[in-house]
Amino acid sequence: MNYVIEQEMGLQLLGGLTPEEFLRDYWQKKPLLIRQAVTDFPGMIDLAGLTRLAQRDDVESRLIEQRNGKWKLEHGPFNKARFNRLPDSDWTILVSNMNHLDPAMDELLQRFNFLPYTRLDDLMISWAPPGGSVGPHYDSYDVFLLQVGGQKQWQISSDDEGNFIEDAPIRVLRDFHPEQEWVLEHGDMLYLPPKYAHHGIALTSGMTWSIGFRAPRTQEIAVKFLEFLQDEICLEGMYSDPDRQPTSEPGRIDDEFVASITAMLQKVQWDESTIRRFVGRYFTEPKPHVFFTPPARELDFDDFAEQLACHGIRLDSKSQLLFEGEQFYLNGEELDCEPECHPALQQLAHQRRLDAGNYDDALQELLYEQYQLGYLHPAS
């Protein structure tokens, strides 16, 4: 795509703001309503297509209904007949990770790449008839809410954190005091910082495309890091107590024993390089439900090299390639690559595709191995 066109699209996406202005004035600070943020949708999906996806067992989907003032939640996969029993109003179907399922959705998600891929998470679609809603709530992460077809009323509040209905199957605020209100139409988008309460109600049938950002909790990071250390540390020695004295209280854990265990655990240490490797692996590791499919008709090496030279390659939509310094990480693993491969791999990490060209043998062999795993594909 032409660079000037990309710049114009970026300004439109943020309501005329540059990414620098948006990050400085709004990101994680205050909401922003953007009229006609997107007018050139790369692809569309209708309710029939969305419900077909919700019937698959490899797709995360939910159905939320409000009946007689009470909330009901169902998780997919769904039977086709389930959708035939739905009323004309007051329900919402949600399908997560649409960027993994539809190349057009992945293309739209990449328009937000003024933020690093360590933060950019997924695109979720919710479809609702009139009255459809998931209730007043807040998210713990930043989100862009893009209206696609139909009209939706959004109310927001900055001071309604907490106070959820205890017995509801979804996180719905008991008390909600809206401070601002808008009606979004096709192409309009609302940005909300974390923990900004919001309530959307469909006025006419339509979709919300939610672009969400990854914000792991400190507890999650700590637990995952300790799991990572299991394979990193190698401590020598074993417990010993050559100066042990007889005890008259065999059931007591004595102070000397605790001190010895403390000394053993204090040998568990890490440095910045350990954390850097953890970050690379953790933030490229696929989600638990993600699986890669090797090519059904695998190209031999020579044919793959010809495809690379003529058409280039692209990362699978589920793949995540990041780098730090001279180390590259792909789908939770470190890549063993020669220095001459680094410029091309950096391009692939940034643009998620590699232009056609004649590349050296080391890069071709590395890319072919990832192709065989289903991590990338010929661009054609």
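Here are some short exercises, with worked solutions, on the predicted model shown above.

**Exercise 1. Getting the overall picture**

Find how many helices and strands the protein has, and what share of its residues count as buried.

*Solution.* Start with the secondary structure: the protein holds 12 helices and 17 strands. Next, turn to the burial: 43% of the 380 residues count as buried. For the dimensions, the C-alpha trace spans about 80 × 65 × 45 Å along its principal axes. Finally, look at the contacts with a separation of 6 or more: 77% of these are made by residues 24 or more positions apart.

**Exercise 2. Two helices that pack**

Work out how α7 and α9 are oriented to each other, parallel or perpendicular, and which residues make the contact.

*Solution.* First locate the pair: α7 covers residues 218–230 and α9 covers residues 272–282. Their axes lie 11 Å apart and meet at an angle of about 110°. Angles of 65 to 115 degrees count as roughly perpendicular, so α7 is roughly perpendicular to α9. Now list the partners: α7 contributes E220, I221, K224, F225, F228 and L229, while α9 contributes T274, I275, R277, F278, R281 and Y282. Sorted by class, the contact of α7 with α9 has 7 nonpolar, 1 polar and 4 charged residues.

**Exercise 3. Checking the length of a helix**

Compare the expected span of α12 with the distance between its end C-alpha atoms, then see which of its residues are buried.

*Solution.* Helix α12 runs over residues 361–373, which makes 13 residues. The expected span is 1.5 Å times one less than the number of residues, so α12 should span 18 Å. Its end C-alpha atoms are 19 Å apart, which agrees. Next comes burial: in α12, the buried residues are L363, Q364, L366, L367, Y368, Q370 and Y371. Take Q370 as a case: its relative accessibility is 8%, and because buried means under 20%, Q370 counts as buried. Leaving aside neighbours within four places in sequence, Q370 is in contact with L330, L335, Y375 and L376. Just after α12 comes G374, with a positive phi near 90°.

**Exercise 4. A serine in a loop**

Decide whether S319 is buried or exposed, and find what its side chain contacts.

*Solution.* Place the residue first: S319 sits in the loop between β12 (313–315) and β13 (321–324). Its relative accessibility is 3%, so S319 counts as buried. The side chain of S319 makes a polar contact of 3.2 Å with that of N331. Beyond four places in sequence, the contacts of S319 are F292, L330, N331, R352 and Y375.

**Exercise 5. Backbone features to look up**

Inspect the backbone at R352, Q36 and P77, and say where each residue lies.

*Solution.* Begin with R352, one of the contacts of S319. R352 lies in the loop between α11 (342–351) and β16 (353–354), and its phi is near 65°, a positive value in a residue other than glycine. With a relative accessible area of 8%, R352 is buried.

Move on to Q36, which is in the loop between β1 (32–34) and α3 (47–54). Phi of Q36 is also positive, near 55°. At 37% relative accessibility, Q36 counts as partly exposed.

Last, check P77, in the loop between β3 (70–75) and α4 (80–84). The peptide bond from G76 to P77 is cis, with omega near 10°.

Definitions and conventions
Residues numbered from 1 in each chain as written. Predicted model: local features only at pLDDT ≥ 70, side-chain atom pairs only at ≥ 80, totals over all residues. Heavy atoms only, no water. Helix = DSSP H or I, 4+ residues; strand = E, 2+ residues; numbered from the N terminus. Buried < 20%, exposed > 50% of the residue type's maximum accessible area, 1.4 Å probe, protein only. Polar contact = N/O pair within 3.5 Å; in protein donor to acceptor, adjacent residues only side chain to side chain. Contact = heavy atoms within 4.5 Å. Axes fitted to C-alpha atoms, helices over the stretch in contact; angles between N-to-C directions. Parallel < 35°, antiparallel > 145°, perpendicular 65-115°, else oblique. Nonpolar A, V, L, I, M, F, W, Y, C, P; charged D, E, K, R; others polar.
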